[in-house]
Amino acid sequence: MSPHKTASPAGSCHQDDLQLPSVSLLARPATLTHSISSESSYNPSPRSASVSSLDDMPIMNRPLRPGVYVPTVAFFKNNEDLNPDAIGKHAVRLAKAGVAAIATQGSNGEAVHLTHQERQQVTRITRKALNDEGFDSLPVIVGCGSQSTRETIELCQDALASGGDYALVLPPSYYKPSHKPDTIVGFFRDVANASPIPIIIYNYPAAVAGIDLSSDVISELSKHPNIVGCKLTCGNTGKLTRIAAATNAATPADAGSSFMCMGGSADFTLQTLIVGGSGVICGIGNVAPKACVKIVDLFAAGKLAEAKKLQAVVARGDWAAISGGIVGTKSALDTYFGYGGIARRPLPRVTKSEAIKFASDFKEIVELEKSLS
């Protein structure tokens, strides 16, 4: 889940979707390793942050698998410093619930409110907490979007140095009026060529001045060996269907090409799976990870009627999270699980009356969550 009140309706057509330029811009390297590709057309000097900062956390091959990925909330103390204990505790709670991956530095993780150093710290704390509790094989995806190609690549390098396995990347949008038809495709090509970790394309028009990548663009970019998935918070299930088919995306029943075609919200988890998608990356998973995972399990078991009933409850809970935003999600975590805390300013503090409303809005899905073993 990411707030998508203004996102494109599911299954709708988009005349203004970003289409492929007439000439292919993908210069795919023959092989990619965990180093900057010598064939990249864009090779900035590596930053001082390096893999050596994780000497006590050896790099592992952590393959992505279909299922539920949760973009974690960033937790703060009352003075707005990071709260390492809550960050680690929360990551472990999600892992125990059966999620297939965890994402840091997403929209729910307030990445835009963090310094580079804090972003690394959150990812490092998350990775260490998972390792310490025996979840060392659980992948960590790191939000690495930025407005310049250079900084995006630097964030990918930081992600690896902090224990991240994959990078979730938004298209740049600040200078949208100056973009040429090949700007965004070239951006993803350059980042994928230079990144030391694989890339997941993040399509979230509401967060990037309305830039909406078409199924043609994402399907073509999926051919790059260092682009391994997409997250579609546009809510367009028609687009998701086309991409899943074009890429032979992984599903709970079939590994396919191993490309992960992910819905961007839990309110269309079942729809995503039915049309051949791989799962969802959903913010409501911060509150109800077991409920989200249960939908995938029921679908995989062929129990569609049960999955449909559960999907309705999760969709209502997801709307509570979408409507309440990050502050609502944190308030619900505080009320029902004893931790959550504040969001960084300028996001507002929750009033007592708002906390009561949020508790009511999330009540149904929390009751479902607590009923699941």
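Gln105, His116, Arg119, Gln120, Thr123, Val142, Gly143, Cys144, Leu155, Asp158, Ala159 and Ser162 line the largest cavity. Before we go further, keep in mind that this is a predicted model. The space inside that cavity comes to about 70 Å³, and the structure holds three cavities of 30 Å³ or more. How can anyone find a hole inside a protein? Rolling a probe the size of a water molecule over the atoms shows where empty space is left.

Which element gives the most to the lining of the largest cavity? That would be helix H2, with four residues. At least two lining residues each come from H2, strand E3 (140-143) and H3. Sorted by class, the lining of this cavity has six polar, four nonpolar and two charged residues.

**The largest pocket**

Now for the largest pocket, which holds about 670 Å³ of space. It is lined by 34 residues, and the closest to its centre are Gly106, Ser107, Ala111, Val112 and Leu170. Helix H2 (116-132), helix H3 (149-161), strand E4 (166-169) and H9 are the elements that give two or more residues to this lining. H9 gives the most, with four residues. By class, the pocket lining has 19 nonpolar, 12 polar and three charged residues. If you have been keeping track, you have met H2 and H3 before: both supply residues to the lining of the largest cavity, and both turn up in the lining of the largest pocket too.

**Gln311, a residue on H9**

Let's zoom in on helix H9, which covers residues 304-337 and includes Gln311. Is Gln311 buried or exposed? Its relative accessibility is 7%, so Gln311 counts as buried, the cut-off being under 20%. Who are its neighbours? Setting aside residues up to four places away in sequence, Gln311 touches Ala266, Asp267, Phe268, Thr269, Leu270, Gln271 and Ile295. One of these, Asp267, is 44 residues away along the chain, yet its C-alpha atom is separated from that of Gln311 by 7.0 Å. Another, Ala266, offers its backbone oxygen, which the side chain of Gln311 reaches at 2.9 Å.

**Asp81, out in a loop**

For a contrast, look at Asp81, in the loop between strand E1 (67-71) and helix H1 (84-96). With a relative accessible area of 40%, Asp81 is partly exposed, because that value falls between the 20% and 50% cut-offs. Leaving out neighbours within four places in sequence, Asp81 is in contact with Phe75, Phe76 and Arg344. Measure C-alpha to C-alpha in the model and you will find Asp81 and Glu118 9.5 Å apart in space, with their positions 37 residues apart in sequence.

**Some backbone oddities**

Most residues other than glycine have a negative phi, and most peptide bonds are trans. This model has some exceptions for you to look up. Here are two residues that have a positive phi although neither is a glycine.

| Residue | Phi | Relative accessibility |
|---|---|---|
| Glu110 | about 50° | 1% |
| Ala209 | about 60° | 47% |

Where do they sit? Glu110 is in the loop between strand E2 (101-104) and H2, while Ala209 is in the loop between strand E5 (199-203) and helix H5 (215-221). Glu110 is buried, whereas Ala209 counts as partly exposed.

Then there is the peptide bond between Arg345 and Pro346, which is cis, with an omega of about 20°. You can find Pro346 in the loop between H9 and helix H10 (352-371).

**Stepping back to the chain**

How many helices and strands does the chain have? There are 10 helices and eight strands. The chain has 373 residues, and 57% of them count as buried. Contacts between residues 24 or more positions apart make up 77% of the contacts with a separation of 6 or more. On the outside, the accessible surface comes to about 15,400 Å², and carbon and sulfur atoms account for 53% of that.

Note on methods. Residues numbered from 1 in each chain as written. Predicted model: local features only at pLDDT ≥ 70, side-chain atom pairs only at ≥ 80, totals over all residues. Heavy atoms only, no water. Buried < 20%, exposed > 50% of the residue type's maximum accessible area, 1.4 Å probe, protein only. Contact = heavy atoms within 4.5 Å. Polar contact = N/O pair within 3.5 Å; in protein donor to acceptor, adjacent residues only side chain to side chain. Areas by Shrake-Rupley, 256 points an atom, 1.4 Å probe, with all protein chains shown as cover. 1 Å grid on protein atoms, 1.4 Å probe; cavity = no way out; pocket = protein on both sides within 12 Å on 5 of 7 lines; lining within 4 Å. Points joined across faces, edges and corners; volume = space filled by probe spheres on them. Nonpolar A, V, L, I, M, F, W, Y, C, P; charged D, E, K, R; others polar.
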